[in-house]
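Student: I have a model open and would like to learn how to read its helix packing. Could you walk me through it?

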Amino acid sequence: MNNNHHVIAAIDLLFNPASLQAAIEIEDETDCDVTAGLEWSLAVPAFLTNPALLGRLTKLRLSLNQELRLLLQEWNLGIGEKTALKVAQQRLIQRLQLPENNVILALQDIFKQDELFDAGELISNRDLLKSILGILLLDTDWEEIALAAANSVKEQVIYQVSVNQISA
């Protein structure tokens, strides 16, 4: 079995919808990054042959989610931030479930960089994480994220107008 197949199989196991959705919900509820909610029971046999890959995939996944959260906070989206983050995480899940060849190649290169995975709980190289997000998320994904944030702001304005009975 070649290395490319290992990465594809590991991505499929690690980024399955149920596991990711559970992790995202727990992170949102606790307002922090956690590894609870990651369901490994079905993936454990496949990762026993390469436990280092499991650790690296987990660290990368958590780091990408954290980077998305930080980016959206920096962009000061206000009331639209939470919705934008939810959409961004959903798009990330979709892109990782069926990774394109350029994504698989990029992940293989990243997994070879021991220094990224040896230090700390998360990958701290934000420039690298941003470049990975740039590969994973397409322009259409960013447009959908922006639209979700804009719709949240619109809904809040309409709600405030109706509650405060302000006529425009």
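Tutor: Gladly! Keep in mind that this is a predicted model. Let's begin with one contact: Thr-83, Ala-84, Val-87, Ala-88, Arg-91 and Arg-95 of α5 meet Thr-140, Asp-141, Glu-144, Ile-145, Ala-148, Ala-149 and Ser-152 of α9. By class, the residues of this contact are six nonpolar, three polar and four charged.

Student: How do the two helices lie, and at what angle do their axes cross?

Tutor: The axes of α5 (residues 81-97) and α9 (residues 139-164) come within 8 Å of each other and cross at roughly 155°. Angles over 145 degrees count as roughly antiparallel, so α5 is roughly antiparallel to α9. As for handedness, α5 passes α9 in a right-handed crossing.

Student: Let me pick one residue of that contact. Is Glu-144 buried or exposed?

Tutor: In between. The cut-offs to remember are under 20% relative accessible area for buried and over 50% for exposed. Glu-144, found in helix α9, has a relative accessible area of 34%, so Glu-144 is partly exposed.

Student: Which residues is Glu-144 in contact with, leaving aside its neighbours within four places in sequence?

Tutor: With those neighbours set aside, Glu-144 is in contact with Val-87 and Arg-91. You can also compare sequence and space: Glu-144 and Ala-88 are 56 residues apart in sequence, and their C-alpha atoms are 8.3 Å apart.

Student: What about the nonpolar residues? Which of them touch the most other members of the largest nonpolar core?

Tutor: The general idea is that in soluble globular proteins, nonpolar side chains tend to be buried together. Here the largest nonpolar core has 29 residues, and Leu-60, Leu-64, Leu-92 and Ile-132 touch the most other members. At least two residues each come from α4 (51-74), α5, α6 (101-111), α7 (114-118), α8 (126-136) and α9. The biggest contribution is that of α4, with seven residues.

Student: And Leu-64, what does it contact beyond its neighbours within four places in sequence?

Tutor: Beyond those neighbours, Leu-64 is in contact with Leu-92, Leu-129, Ile-132, Leu-133 and Leu-136.

Student: Stepping back, how many helices and strands does the protein chain have?

Tutor: Nine helices and zero strands, so the pattern along the sequence reads α-α-α-α-α-α-α-α-α. Of the 168 residues of the chain, 37% count as buried. For the reach of its contacts, take those between residues at least 6 apart in sequence: 76% of them join residues at least 24 apart.

Key: Residues numbered from 1 in each chain as written. Predicted model: local features only at pLDDT ≥ 70, side-chain atom pairs only at ≥ 80, totals over all residues. Heavy atoms only, no water. Axes fitted to C-alpha atoms, helices over the stretch in contact; angles between N-to-C directions. Helix = DSSP H or I, 4+ residues; strand = E, 2+ residues; numbered from the N terminus. Parallel < 35°, antiparallel > 145°, perpendicular 65-115°, else oblique. Left-handed = near helix turned anticlockwise from the far one by under 90°. Contact = heavy atoms within 4.5 Å. Nonpolar A, V, L, I, M, F, W, Y, C, P; charged D, E, K, R; others polar. Core = buried A, V, L, I, M, F, W, Y, C linked by side-chain atoms within 4.5 Å. Buried < 20%, exposed > 50% of the residue type's maximum accessible area, 1.4 Å probe, protein only.
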